[in-house]
Amino acid sequence: MNTRKSDIESEKGKITHLRKVLQTIRLVNQLIIQEKNPRILARKICDGLVENRGYYDASIILTDSNEKLSFITGSLSDKNYKQLSEQISNGSWPYCCKDALNKKDLIILREPDKECKGCPLAYQYDDNGVFIIRLETEEHLYGFLMASIPKEFLYDEEEQYLFHELAVDISIAFNLYNLKEYHNKVRTELQKNEYFLNNLTEISPVGIVKTNANGDLDYLNKRAEIIFDFDKNDIIGKSSLFESIQFFNEQGEPMTYDELPFTKAQHAQKTLYNHQCGVYIQGEFKYLSVNVTPTFTNENTFDGVVAVIEDVTKMYEHQKETLNVKKELEDTLSGLPVHIFRYKKDTDNQLIVCFSEGAVPRHNSLDTLHVKGEYLQNIIGKENYESLKDRFYQAFNGDWVDYELHLSGRWYKTRLKPYKFDENDHVTEVIGYSNDITAQKEAELKLSEESQLRKLLMQLSADFINIPLADLDNAIYEALKKLGQFVGADRVYIFDYDFDHRVTSNTYEWCQEGIESQIDKLQNVSLDLVPDWINSHIQNKPVYIPDINQMPKNDLYEILSSQQIKSLLTIPIMKQDECIGFIGYDFVRDYHSVNEDAQELLKVFSQILVNLYERKEKERELNKFKTVADYASYGIGITDIEGKMMYVNHYFASLLGYTPENLQGKYLNEIHSKEMMSKINSLTEKLKDDHYIANEEIWVKDRNGNDIPFLMNSIFIKGDKNESSYAATTTIDISKQKEKEKELIKAKEKAEESDRLKSVFLANFSHEIRTPMNGILGFMGLLNNPDVTNFERKEFIRFIEESGKRMLETLDNLMEISKIETGNVKFKYENFDVNTLVDELYASLVPKAEEKNTAFVVKKANAGSPAMFFTDREKLHTVLKQLLQNAIKFTDNGRVYFGYSWQNGNIEFFIRDTGVGIAHDKLKSVFDRFIQADRSLSREYEGLGLGLAISKAYVEKLGGKIDVKSKINEGTHFYFTLPKQNSEESE
C-alpha cells in the first residue's frame with residue numbers, strides 16, 4: 001500500500017515538474033517573438049528557465065564561427081561566469097563543453113562535480129544533474145544550453161524530449177537573427193547596385209535598349225531616345241521597337257524580322273557583336289552598330305534582349321571619303337621619304353609582306369610590286385629577322401611595338417600596330433611605319449659620347465678635389481687610363497715644357513695592354529724637334545694629326561713612326577696665359593678621328609691638371625705651417641673668401657666629432673645654422689674692412705647637430721692678382737664656461753621656484769586640512785542643537801562624511817606619493833574585462849557629472865563583447881578615476897568623453913573634456929608634485945596637485961606613457977597607453 005502511494009506521489013511530482021517545464025517553454029517562445037537582441041534574449045531565457053523552478057539553474061554559452069567563446073550568461077552569479085569566461089578564453093574548455101563540441105546528442109551529467117572537474121559551474125548544481133545540448137541549425141553552431149534538474153528526471157524520455165525541443169526553438173531564433181542581418185545586408189547592396197546601374201546607363205554615350213519576350217520596350221536610355229528621336233514616355237510599355245522603327249541593311253534594303261540582330265541573338269541564344277544596320281530618322285539615314293544579348297529567366301525561358309546601339313554614321317561617311325582619296329594617297333606614298341608596309345601570317349605562321357611603299361623601298365626595289373607575297377625574313381635578312389621576330393609577333397597580340405633597325409649602313413625607326421581583325425577580334429594583319437633616322441642617330445651618338453665625356457671629366461674633377469698629395473701620381477695615372485679607354489687611344493701621356501733649357505720631358509704615361517711604353521725614351525727632348533707644336537700650344541690650340549703619313553718626313557715623323565703611331569692628338573696645358581706642357585693621345589692600332597667638339601672637351605682635363613699643380617705648390621707651403629698648427633691646443637682654421645675651409649687643425653675638428661680631412665673642402669654653412677651664418681657673413685665683411693676681429697662669440701654645429709660655443713679671433717690675408725684672399729682664424733672652446741653660466745642661472749631659478757612652490761604647497765595643505773576640519777567641527781556643533789530637524793540632521797551628517805572623505809583623500813594622496821618616491825608601491829596583475837571597469841567608473845561618476853549639468857559620454861572599442869586585458873586593475877581604476885574626477889571638476893555645462901581603443905594589442909585610454917583648459921606654459925608641469933594649473937592661493941578648485949603625479953607614476957610603472965593636450969576655454973585631452981603583457985612578463 002505504501003509502495004503504491006509512493007509511486008502515485010512520484011508520478012504527481014513528475015507531472016508537476018513537466019507542467020513547469022512546459023510553462024517555461026511557452027515563456028521562452030514568447031521571449032523569442034518579443035526580444036530583438038540575441039544576447040539579451042539569451043539572458044532572459046536563462047532567467048525564464050529558473051523563474052518557476054522548471055529548472056534550477058540555466059546557462060547559455062555562445063560561440064563565433066570559429067567555435068571561440070563570444071558570450072556567456074545565465075542564472076548564476078557573475079563571478080562564476082567570469083571564471084568560466086577566463087578559462088575558455090585561455091583555451092581550456094570544460095569537459096562538458098568540449099564533449100558538446102564533438103557530439104550532437106544530448107549530454108547528461110549525473111554527478112557534475114565529478115564528471116566535469118575544474119568547471120566553475122559544476123559545483124553550483126548541488127544534488128542536481130545537468131543537461132547539455134548544442135544550439136545549432138544545419139548551417140551553423142551557435143553554442144550550448146546547460147540546465148540543472150533533479151536527478152530523478154534526468155533519464156525521463158519526456159523530459160529529454162522537451163529539453164531537446166527547447167534547444168531547437170532557441171537555435172531557430174538565433175538562426176533567424178543571422179538570416180535577418182544577412183537579408184538586410186543583401187537588400188542594401190542590391191539597392192546600391194540598382195542605383196549605380198540606373199545612373200550608369202543614363203549617362204552612357206551609347207544607346208541602351210531593353211525589350212521583353214514580345215519585343216515591347218521595357219527600357220531605353222537618354223542616348224537611345226536621341227538616336228531614335230523617341231520620348232521614352234510615349235513608347236515604353238506601349239509598342240514594339242520593331243513596329244515603331246524600320247531597320248535597313250548596309251545596302252539600304254529593308255530588313256525582315258528574322259534578319260534583325262535582336263531576332264538573331266534570340267535564336268542563337270548568345271551575344272551578337274558589331275552587327276551593322278541603319279534607320280531613317282526624319283529623312284536622314286543613320287548607320288548603327290548593334291551589340292545584342294538575349295536574357296533568360298531562372299527557368300531558362302527567353303525573357304527579352306538588351307541591346308547596346310551606337311550611331312556610327314560619321315564613321316561611315318569618313319570611310320567613304322577615305323575610299324575617294326585612297327588612290328591619291330597611294331600615289332603620294334611612293335614619293336614619301338618613309339617606308340610603310342603591312343604583313344600577315346600564313347598557315348605555317350610565317351610572316352608574309354602584303355604592302356610596301358615609300359621612297360626608300362621604291363629606290364631599293366622593295367616596293368609592293370617586287371616584294372608582295374615574299375617572306376619578311378628574306379627581305380631584311382635572317383639575322384635581323386631573328387633579333388626582331390618576337391616584336392613582329394607581339395603586334396599580333398594587339399600591342400603597338402617600336403624598334404630601331406640598322407640595315408645596309410642606315411638606321412631606321414619603326415612602329416608596328418595591329419591593322420586588320422577577324423570576326424573574333426583577332427589581329428590578322430599588321431602595319432608598320434619606318435623613318436630613316438641615320439642623321440639623327442649619328443647626332444645622338446655624338447651627343448651621347450660628348451655627354452659621357454663631360455660626365456667623365458666631372459667625375460675626374462670631383463675625384464681630384466680632396467685627394468691627398470701622396471695619392472696624386474696614382475690618381476693622374478688612373479685619369480689617363482679612363483680618358484684613353486674612353487676616346488679609344490692606345491697611349492696617353494703628359495709632357496712638361498722647360499723653356500729655360502729648351503727641352504720637354506714625359507712625366508706621366510698610360511698604355512693599353514700590348515702597347516710599348518715610351519716614357520723612359522722621351523726625357524729632355526729638344527724643343528727644336530717640335531717648333532710647330534710649340535707655336536700651336538702657346539696659342540692654346542691643339543695639334544691633331546689624323547694620319548701621320550700625311551705629315552712632312554722630318555725627325556719628328558721618324559720618332560712618331562718608330563712608335564707605330566697612326567693618329568695623334570695633343571692638347572696644351574695652360575696656366576693663366578702660359579703654356580706649361582701638353583697631354584698627348586696616340587692611336588697605334590687603328591686610325592682615329594676626333595672632332596673639334598671632343599677636342600674642346602678634352603681641354604677641360606688640361607685645366608684640371610693645372611689646378612692640381614697649383615694646389616701641389618700651395619700645399620707644400622702650407623705643410624710648413626701645418627706641422628705647427630696641427631697640434632696646437634686651440635682651434636686653427638683657414639678659409640677662402642667664399643667660405644670654403646682650406647685647413648682645420650686636429651683640435652678644432654675633434655671638438656666637432658670630425659677628422660681634419662672630413663672638414664677640409666667643406667663650406668662654413670655646413671657647420672653653422674642659418675642664423676649664425678648671417679652673423680658670420682657680417683663678420684666677414686667687417687674683416688675685409690678692418691683686417692682683424694677679436695673675441696667674437698660664435699656657435700658651431702658638431703657632427704650630431706649640437707651647437708658648441710667658441711670665442712673667435714680672425715685675421716684677413718689679402719692675395720695679389722694671381723692669388724686668392726684668405727681668412728686665418730683661431731678659436732677657443734667656451735662650452736664649460738657657458739655650462740657654468742647656465743648652471744648658475746638654473747640654480748637661481750630653481751631656488752626661487754622651490755621657495756615659491758613651498759609657500760604655495762604649505763598654503764594649499766593648510767587649506768585642504770583646515771577647510772574640511774572646520775566643516776566637521778562646525779556641523780558637529782550644529783548636531784547638538786535640539787531644534788535641528790531630522791532632515792537637517794541627515795544633511796549635516798552628509799556634510800561631515802564628505803569633509804572627512806576629502807581630508808582622508810588628501811592624507812591618502814600624501815601617503816601614496818611617499819610610497820611612490822620610496823619604491824614601496826606594490827602591483828597586482830590580473831586578467832579582467834575592461835568594459836566592466838569602464839561601466840563601474842561611469843556608474844559611480846555620472847551623478848557628479850549630472851550635478852554640474854555635464855554630459856558624460858563613454859566610447860568602448862569592444863562594446864558588444866568582453867575586452868580582456870592583463871594589468872593591475874586597481875591601479876588602472878585609480879588613474880582613470882583621478883582623470884575623470886578632474887575632467888568633471890573643471891567642466892561646467894559641457895561634455896566629458898571617456899573611452900579606449902586597441903593599438904596593436906596595446907590599449908589606449910582617453911579622457912577629453914570641454915572645460916576650462918590648461919595654459920600652454922603650464923602643460924609641461926601638470927604631472928609634477930604639488931603643481932596645479934592655477935597655483936594662486938585664491939584658486940577656484942580644491943586639491944594639492946598630487947593626483948596627476950600619482951597617475952603618471954602608476955602609468956609608467958605599468959610600462960605605459962601618459963600625455964596631455966589642452967587649450968584655454970576649449971578643454972583638455974588626457975591620453976595614455978598600456979602595453980600588452982602576460983603573466984610571465986609581470987612576474
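Biologist: Which exposed residues does the face of H3 carry, turned away from its buried side?

Modeller: In this predicted model, that face carries the exposed residues Asp78 and Lys79. The general idea is that an α-helix has 3.6 residues a turn, so residues three or four places apart point the same way. Helix H3 itself covers residues 78-89, 12 residues in total, and reaches 16 Å from its first C-alpha to its last, close to the 16 Å expected at 1.5 Å a residue.

Biologist: And what are the buried residues of H3?

Modeller: They are Asn80, Tyr81, Leu84, Ser85, Gln87 and Ile88. Because they cover an arc of only 165° around the axis, they sit on the same side of H3.

Biologist: What do the buried residues of H3 pack against?

Modeller: Their partners are strand S1 (57-63) and strand S2 (69-74). Just after H3 comes glycine 91, with a positive phi of about 90°.

Biologist: Let's turn to charges. How many salt bridges does the count come to?

Modeller: The count comes to 23 salt bridges. As a general point, side chains of opposite charge can pair when their charged atoms come close. A good case to start with is glutamate 956 and lysine 952, whose closest N and O atoms are 2.7 Å apart. Both residues lie in helix H28 (residues 947-957), 4 residues apart, about one turn of the helix. Glutamate 956 is partly exposed at 43% relative accessibility, and lysine 952 is partly exposed at 27%.

Biologist: Which residues do salt bridges with shared partners join into one network?

Modeller: Arg491, Glu509 and Asp586 are joined in that way.

Biologist: Is the salt bridge partner aspartate 872 buried or exposed?

Modeller: Aspartate 872 is buried, with a relative accessible area of 2%. Its salt bridge is with lysine 875, and the closest N and O atoms are 3.9 Å apart. Lysine 875 is buried too, at 8%. The charged end of lysine 875 also sits over the ring of tyrosine 954, 5.6 Å from its centre. You can set this beside lysine 701 and aspartate 707, a salt bridge with its closest N and O atoms 3.4 Å apart. There, lysine 701 is partly exposed with a relative accessible area of 27%, and aspartate 707 is partly exposed with 41%.

Biologist: Now the rings, please. How many aromatic pairs are there?

Modeller: The count comes to 31 aromatic pairs. To read one, look at the distance between the ring centres and the angle between the planes; planes over 60 degrees apart count as edge-to-face. Phenylalanine 248 and phenylalanine 285 are such an edge-to-face pair, 6.2 Å centre to centre with 65° between the planes. Phenylalanine 248 belongs to strand S8 (residues 247-248) and phenylalanine 285 to strand S10 (residues 284-296), so the pair ties together parts that are 37 residues apart in sequence. Phenylalanine 248 is buried at 12% relative accessibility, as is phenylalanine 285 at 16%.

Biologist: Where do tyrosine 343 and phenylalanine 396 lie in the chain?

Modeller: First, their geometry: this aromatic pair is edge-to-face, 5.8 Å centre to centre, with 70° between the planes. Tyrosine 343 is in strand S12 (residues 338-345), while phenylalanine 396 is in the loop between helix H15 (382-394) and strand S14 (401-407), so that the pair links distant parts of the chain, 53 residues apart. Tyrosine 343 is buried, with a relative accessible area of 0%, and phenylalanine 396 is buried, with 8%.

Biologist: Which residues form one aromatic cluster?

Modeller: Phe341, Tyr343, Tyr385, Phe392, Tyr393, Phe396 and Tyr403 do. A charge joins the picture here as well: lysine 345 lies over the face of phenylalanine 396, at 4.6 Å from the ring centre.

Note on methods. Residues numbered from 1 in each chain as written. Predicted model: local features only at pLDDT ≥ 70, side-chain atom pairs only at ≥ 80, totals over all residues. Heavy atoms only, no water. Salt bridge = Lys/Arg side-chain N within 4 Å of Asp/Glu carboxyl O. Buried < 20%, exposed > 50% of the residue type's maximum accessible area, 1.4 Å probe, protein only. Helix = DSSP H or I, 4+ residues; strand = E, 2+ residues; numbered from the N terminus. Expected span 1.5 Å × (residues − 1). Arc of directions from axis to C-beta. Contact = heavy atoms within 4.5 Å. Phe/Tyr/Trp six-rings, centres within 6.5 Å; stacked < 30°, edge-to-face > 60°. Lys NZ or Arg CZ within 6 Å of the ring centre and 35° of its normal.
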